[in-house]
Amino acid sequence: MHSSIKNEISLAFFLGLATLIAVFFSITYFTHLNAIQWLLFASGIWLFSCWQLWKRRELNRPTENAAPYPTLGWANRLTLLRGGLIALTGGFLFQPQAVSWAAWIPGLFYTLAAILDRMDGFVARRNKQTSLLGSELDTVYDALGLLVAPLLAVGYGKIHWSFLLVSVAYYIFMWGLHWRTTHNLAVYPLLPSMLRRTLAGFQMGFVAIILLPCFEAPLTIVIGIAFMLPILVGFIVDWLIVSGRVLSTTNTTQFFDRLAQFSQIFFQPLLRAILCFALLLLTSNDYHFSSVLLQCVLLATGCMVLFGLAARAGALVILILVALAQNDNAVNTISAAIIFSSVWLMLLGSGRFSLWQWDDHWVNRRDGEENV
C-alpha cells in the first residue's frame, strides 16, 4: 500500500476537521451549548466517514488481484467530500430548527451531497479509475446519509418516524448477512436489478428536497410514505432471496420478469391515467390551485405524463408544484392520489405506450460510460 494514500487520508481528515471548527465559529444564531453540540455531532460523523475510508484503503484498486492505484483519485475524493457534507448536515441533529435564511443550510448541505452521489461515479468512469473502494464507500455513505438526513427530517416534522425503517433497513440487512455467515448459513446472490439503484437515488433526492424550508408537512409526510413502501418491499424481497427462502432459480427469475412486464404494460400506464385524472379534479375543485397559470402548467405537464413524454420528469414537476401550492394544508384523497401516482411513476418509469422515455434512459444509465 502506497504511503501517499495514508498521508492523503490523514490530510483530508485534518482539513475536514478544520472546516468543521471554522463553521462552528461562524454559527451565530445558536447558543454556545447548541454550537458545541453541533461540533460534536458533526465531528463524530466526520470521524466515522474517514474511518470507513481508512479501513478500506486496501481496496483502492480496480479488481481484487490488480495493483492498487497510487492515489485516491478524484472520484474517491468527491465521495469523501460527500461524507463531509453529511457530517455538516448531521451537526444539526436534535437542534432547534433555524429560521430565516439559516433554515436553508442543512437542506443545502445534503442537497450538495446528493448531487455528488451522481458525480463521483461519472468522474471515476471518465478517468478510468473505478475501484472496489469507491463502490463500497459509495454504499456506506449512501446508508449514512439516509440515516442522518431522515433523522433530521423527523426532528423537523417533515416525515413520519416510520420512515426511519428505511434508514435502518440497510444496517439490518447487512447485520443479517453477517449473522448468516458467522452461523455457517448459506448466503445466496441477489438478482440483478436496476430498480434497486433507482430507489436509493430517488430516496436521497426526496430527503434532500424536503429538508428545504419551502416544503412543509403534512404533504411531505404523505410523500414520504409513498417513497417508503416500495423501498421496504424491495428490502424484504432481497432478504427472501439472499436467505434462500426464495431461491434464485430460473422459475424465480421468470416470475420477476413477468411481474416487471405486467407493471410495464398495465400498472405504469394506469398510474399515468390516474395522475392526469386526479389533476383535472384538483385544478377544478381546490381553491389552492385557482391560479390560471398554475392550472395551465399542471394540466400541460399532466398531458406530457399521460402520453409518456418524459413522464418521470413531468411527475417530478407536478409533485413539486403541488407541494409548493398546497403548503401546509391538509391532504385530501385527490392530493394523495397525485402524490402516490407521481412518486411511483418517478420510481418505476412510464411503462409501455410512451412516446419519449429520455428520462428513463437518464435514470438508468451509468454516467461517464462511453456510448451511453
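Where is the place of Pro218? Pro218 sits in the loop between α7 and α8, the latter covering residues 219–242. The model is predicted, and in it the peptide bond that joins Ala217 and Pro218 is cis, with omega at about 5 degrees.

The helix before that loop, α7, runs over residues 194–210 and has 17 residues. From its first C-alpha to its last, α7 reaches 25 Å, close to the 24 Å expected at 1.5 Å a residue. Several residues of α7 are buried, among them Leu199, Phe202, Phe206 and Ile210. Thr198 and Gln203 of α7 are buried too. An α-helix has 3.6 residues a turn, so residues three or four places apart point the same way.

A second helix to follow is α12, residues 333–348. Its 16 residues should span 22 Å at 1.5 Å a residue, and because the end C-alpha atoms are 22 Å apart, the model agrees with that value. At the N-terminal end, Asn332 caps α12: one of its side-chain oxygens lies 3.2 Å from the backbone nitrogen of Ile334. Just after α12 comes Gly349, with a positive phi of about 100 degrees. Between these two points, the buried residues of α12 include Ser335, Ile338, Ser342, Val343 and Leu347.

Gly349 is a glycine with a positive phi, but positive values also turn up in residues other than glycine. Phe94, in the loop between α3 and α4 (105–126), has a phi near 60 degrees. Is Phe94 buried or exposed? Its relative accessible area is 59%; exposed means over 50%, so Phe94 counts as exposed. Lys128 has a phi near 55 degrees and is placed in the loop between α4 and α5 (132–155). Lys128 also counts as exposed, at 62% relative accessibility.

The last stop is an empty space. Rolling a probe the size of a water molecule over the atoms shows where empty space is left. The second largest pocket has a volume of about 370 Å³ and is lined by 18 residues. Which elements give two or more residues to this lining? They are α1 (3–26) and α3 (73–90), and α3 supplies the largest share, 9 residues. Nearest the centre of the pocket lie Ala12, Leu15, Gly16, Trp46 and Leu81. By class, the lining has 13 nonpolar, 3 polar and 2 charged residues.

Definitions and conventions:
Residues numbered from 1 in each chain as written. Predicted model: local features only at pLDDT ≥ 70, side-chain atom pairs only at ≥ 80, totals over all residues. Heavy atoms only, no water. 1 Å grid on protein atoms, 1.4 Å probe; cavity = no way out; pocket = protein on both sides within 12 Å on 5 of 7 lines; lining within 4 Å. Points joined across faces, edges and corners; volume = space filled by probe spheres on them. Helix = DSSP H or I, 4+ residues; strand = E, 2+ residues; numbered from the N terminus. Nonpolar A, V, L, I, M, F, W, Y, C, P; charged D, E, K, R; others polar. Expected span 1.5 Å × (residues − 1). Buried < 20%, exposed > 50% of the residue type's maximum accessible area, 1.4 Å probe, protein only. Polar contact = N/O pair within 3.5 Å; in protein donor to acceptor, adjacent residues only side chain to side chain.
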